[in-house]
Amino acid sequence: MKLEIKPLGDALGAEVIGTDLTKPLDTDEAHAVDEAFLSHHLLCFRTEPLEPSDFVRVARYFGDPQLQLIRTQRHGETPEVSVLESTYKTPDDKPDDLESVRLAGWHTDDSYFEVPAKATMLQSIVIPNEGGQTKFCNMRKAYEDFPDERKPDLEGLKAVHGYDTTRAPGRPKIRTQEEIDETPDVEHPLVRTHEDTGRKSFYFNANRTDRIVGWARQESDALLDEVYTQITAPKYQYHHEWQVGDLLLWDNRCLVHSVNVDYPVGQKRLHQRILLKGQRPV
Ligand SMILES: [Fe+2]
């Protein structure tokens, strides 16, 4: 079957049809998939849940897997794979204020690292009957549409990303001392240039971006709020309705994502994830 790239909407994303991820891709396929990734920023492969070792093999087509910070989420035998369970096991686990669930915040993975993951691969293993969609926004388009006369004001601005910020409504996972030592605050450009395409986009994380370096809190909050509103406009969004086995690969350099955390208590929601090493944002 010939490989087909089918866009998933106007904002971002494409489905890759005609690949069999349980077997190695040939060079032409890998090249076509790579190109599609750079133009659509998110790819969806419909497959069966993969064994962790197969999942790592697929990840290596696109980059080098890196370990995730929180040790308890690493898969025992294949530590590059994170096991992410987001089930509400009891009614108490699901708060009335769903915004306070950390997964609901618009974020780009791992931006609290000096060198954040360039891409994430996420595969669904078990999904609830309703809700639980993962939503994405295209920060590249949001930047391109930002008024040209305002763009010079953003040039050279850096923002502090921390493991947590009081700007986010939800709190993150608790870190061990070892994990705290690995995650001091870092600075990243507010507008970053994609190293593979040369295109600019906002680089922002509602869960981690705390302030603009050198700016007073009020002024900084006003600009970060404006960036947030700009990137999360509905026209830049794609919402992924999961089927079991769907494997998404997305570009953390120009997308943010969040989860519709309104799904039933007691219904399992389980994914496996691999982060791919990136470069320092510029
Ligand atoms: Fe994430």
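Two strands count as paired here when DSSP finds at least two bridges between them. Keep that in mind for the first view, and remember throughout that this is a predicted model.

**View 1. Strand β16 and its antiparallel partners.** Let's start with β16, which spans residues 270–276. Six of its seven residues are buried, so the rest of the structure largely encloses this strand. Strand β6 (residues 119–126) pairs with β16 in the antiparallel sense, over seven bridges. Look for V126, whose bridge partner in β16 is L270. Strand β5 (residues 82–85) is antiparallel to β16 as well, with four bridges between them. Here E85 is the residue to find, as it stands opposite L270. That puts L270 across from E85 in one pairing and from V126 in another. Then there is β4 (residues 65–66), an antiparallel partner of β16 over two bridges. Its Q66 has L275 of β16 as its bridge partner.

**View 2. An open sheet of three strands.** The strand order is β9-β8-β12, and the pairing is antiparallel. At the edges sit β9 (186–189) and β12 (209–212), each of them pairing on one side only. Ignoring direction, neighbouring strands in this sheet are turned by 35 degrees against each other on average. Zooming in on one pairing, β8 (residues 158–161) runs antiparallel to β12, and three bridges join the two. For a landmark, pick H161, which stands opposite T209 in β12.

**View 3. Helix α1 and its two faces.** Helix α1 takes in residues 27–40, 14 in number. From first C-alpha to last it reaches 20 Å, close to the 20 Å expected at 1.5 Å a residue. Which residues of α1 are buried? They are V33, A36, F37 and H40. These cover an arc of only 105 degrees around the axis, so they sit on the same side of α1. As a rule, residues three or four places apart in an α-helix point the same way, because there are 3.6 residues a turn. The face turned away from the buried side carries exposed residues: T27, D28, H31, E35 and S39. As for what covers the buried residues, the list includes strands β1 (4–7), β2 (14–17), β3 (42–45) and β14 (247–251).

**View 4. Two positive phi values outside glycine.** Most residues other than glycine have a negative phi. H41 is not a glycine, yet its phi is positive, at about 70 degrees. You'll find H41 just after α1, in the loop that leads from α1 to β3. Is H41 buried or exposed? With 20 or more other C-beta atoms within 10 Å as the cut-off for buried, H41 qualifies because it has 28. D110 is another case, a non-glycine residue with a positive phi near 65 degrees. It lies in the loop between β5 and β6. D110 is buried too, since 21 other C-beta atoms lie within 10 Å.

**View 5. The nonpolar cores.** The largest nonpolar core has 51 residues. Which of them touch the most other members? That would be L43, C137, M139, F202, I231 and L255. F202 makes a handy centre for this close-up: leaving aside residues up to four places away in sequence, it touches M139, A142, Y143, L190, V191, V227 and I231. A second core of five residues is separate, and includes V101, A104, V259 and Y263.

Conventions. Residues numbered from 1 in each chain as written. Predicted model: local features only at pLDDT ≥ 70, side-chain atom pairs only at ≥ 80, totals over all residues. Axes fitted to C-alpha atoms, helices over the stretch in contact; angles between N-to-C directions. Expected span 1.5 Å × (residues − 1). Buried ≥ 20, exposed ≤ 12 C-beta atoms within 10 Å, placed from the backbone. Arc of directions from axis to C-beta. Contact = placed C-beta atoms within 7 Å. Core = buried A, V, L, I, M, F, W, Y, C linked by C-beta atoms within 7 Å.
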